[in-house]
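Colleague: I'm new to this one and would like a close look at a single part of it. Could you pick one residue in the middle of things, walk me through what sits around it, and then work outward from there?

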Amino acid sequence: MLYATLKLLHILAIVVWIGGMVFAHFFLRPAAMSLEPPQRIRLMHGALQRFFAAVLVAIGVVLATGLWMIGRAAKDSVQAGLGFNMPLDWTLMATLGIVMMGIFGHIRFSLFKRLSAAVASSDWPAGGAALAGIRTWVSVNLAIGVVIIVITLLMA
């Protein structure tokens, strides 16, 4: 029961992260393009600020639950007298997930910091440039996230 609960939390956190990227990239951003730059950049800043806070929580949940599930599987194997070899799909999932977390760190702590500074100083060209960088890296992270889902479903 605990394993199933942790797996559910793991998947829900991933849904928040990937679903949020899909929403921001394919729905919010295009709709915001009809606004003038000051309003558009402020809107995107406010939405991303909230989303990035949720992603930080989601990353914590994904890490904690993922590590616990891997540790539990390893412990069960060892207790059964077997060696533990992490399945290839788990290895790919974990590796690509860590890459996504690193990219998110760049987005949140570098690019979003630039966006926040641009909004604070009403520097709309700099804000637009920061948003363009965020959009690029969100696209990369979204692609990696979809690859992880495909790997997980096809190799299960």
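Modeller: Let's take Phe 52. Setting aside its neighbours within four places in sequence, Phe 52 is in contact with Phe 104, Ile 107, Arg 108, Phe 112 and Ile 134. Bear in mind as you look that this is a predicted model. Phe 52 itself belongs to helix H2. Is it buried or exposed? Its relative accessibility is 2%, so it counts as buried, the cut-off being under 20%. For a sense of how far the chain runs from here, look for Gln 79: it is 27 residues away from Phe 52 along the chain, and the two C-alpha atoms are 40 Å apart.

Now for the rings. A pair of aromatic rings is described by two things, the distance of the centres and the angle of the planes. The model has five aromatic pairs in total. One of them is Phe 23 with Phe 27, a stacked pair with 6.4 Å from centre to centre and 25° between the planes. Both of those residues are in helix H1, four residues apart, or about one turn of the helix. Phe 23 has a relative accessibility of 47%, so it counts as partly exposed.

Back to our residue. Phe 52 pairs with Phe 104, and here the ring centres are 5.5 Å apart with the planes at 80°, so this pair is edge-to-face. Phe 52 sits in helix H2 while Phe 104 sits in helix H3, so the pair ties together parts that are 52 residues apart in sequence. Both Phe 52 and Phe 104 are buried. They also belong to a wider group: Trp 17, Phe 51, Phe 52, Phe 104 and Phe 112 make up one aromatic cluster. Phe 112 turned up earlier too, among the contacts of Phe 52.

There is also some empty space to look at here. Rolling a probe the size of a water molecule over the atoms shows where such space is left. How many cavities of 30 Å³ or more does a search of the whole structure find? The search gives one. The largest cavity holds about 40 Å³ of space. Which residues line it? They are Trp 17, Met 21, Phe 51, Phe 52, Val 55, Phe 104, Ile 107, Val 138 and Asn 141. Helices H1 (2-32), H2 (37-79), H3 (88-120) and H4 (124-155) are the elements that each give two or more residues to that lining. H2 contributes the most, with three residues. Sorted by class, the lining has eight nonpolar residues, one polar and no charged ones. So Phe 52, one of the residues of the aromatic cluster, is also one of the residues that line the cavity.

Let's step back to the whole protein. It has four helices and zero strands, and from the N terminus on the elements run α-α-α-α. The C-alpha trace spans about 65 × 25 × 25 Å along its principal axes. Of the 156 residues, 35% are buried. Taking the contacts with a separation of 6 or more, 77% are between residues 24 or more positions apart. The protein exposes about 8,900 Å², and carbon and sulfur atoms supply 72% of that.

There are open spaces too. About 790 Å³ lies in the largest pocket. It is lined by 28 residues, and those nearest its centre are His 10, Ile 14, Met 93, Ile 148 and Thr 152. H1, H2, H3 and H4 are the elements that give two or more residues to this lining. By class, the residues divide into 21 nonpolar, five polar and two charged.

The second largest pocket holds about 270 Å³. It has 19 lining residues, of which Arg 29, Met 44, Leu 131, Ala 132 and Arg 135 are closest to its centre. H1, H2 and H4 each supply at least two residues of that lining, and H4 has the largest share, with seven. Here the classes come to 13 nonpolar, three polar and three charged.

Technical notes. Residues are numbered from 1 along each chain as its sequence is written. This is a predicted model: local features need pLDDT of at least 70, side-chain atom pairs count only at pLDDT 80 or more; totals for chains, interfaces and linings use all residues. Side-chain values use heavy atoms; hydrogens and water are left out. On a 1 Å grid over the protein atoms alone, a cavity is a set of points where a 1.4 Å probe fits but cannot get out, and a pocket is an open set with protein on both sides within 12 Å along at least five of seven lines; lining residues have an atom within 4 Å of a point. Grid points are joined across faces, edges and corners, and a volume is the space filled by probe spheres set on the points. Ala, Val, Leu, Ile, Met, Phe, Trp, Tyr, Cys and Pro count as nonpolar, Asp, Glu, Lys and Arg as charged, and the others, Gly among them, as polar. Buried means under 20% relative accessible area, exposed over 50%, partly exposed in between (1.4 Å probe, protein chains only). Contact means heavy atoms within 4.5 Å. Accessible areas come from the Shrake-Rupley method with a 1.4 Å probe; for residues, only the protein chains shown count as cover. Rings of Phe, Tyr and Trp (its six-membered ring) pair if their centres lie within 6.5 Å; planes under 30 degrees apart count as stacked, over 60 as edge-to-face and the rest as tilted.
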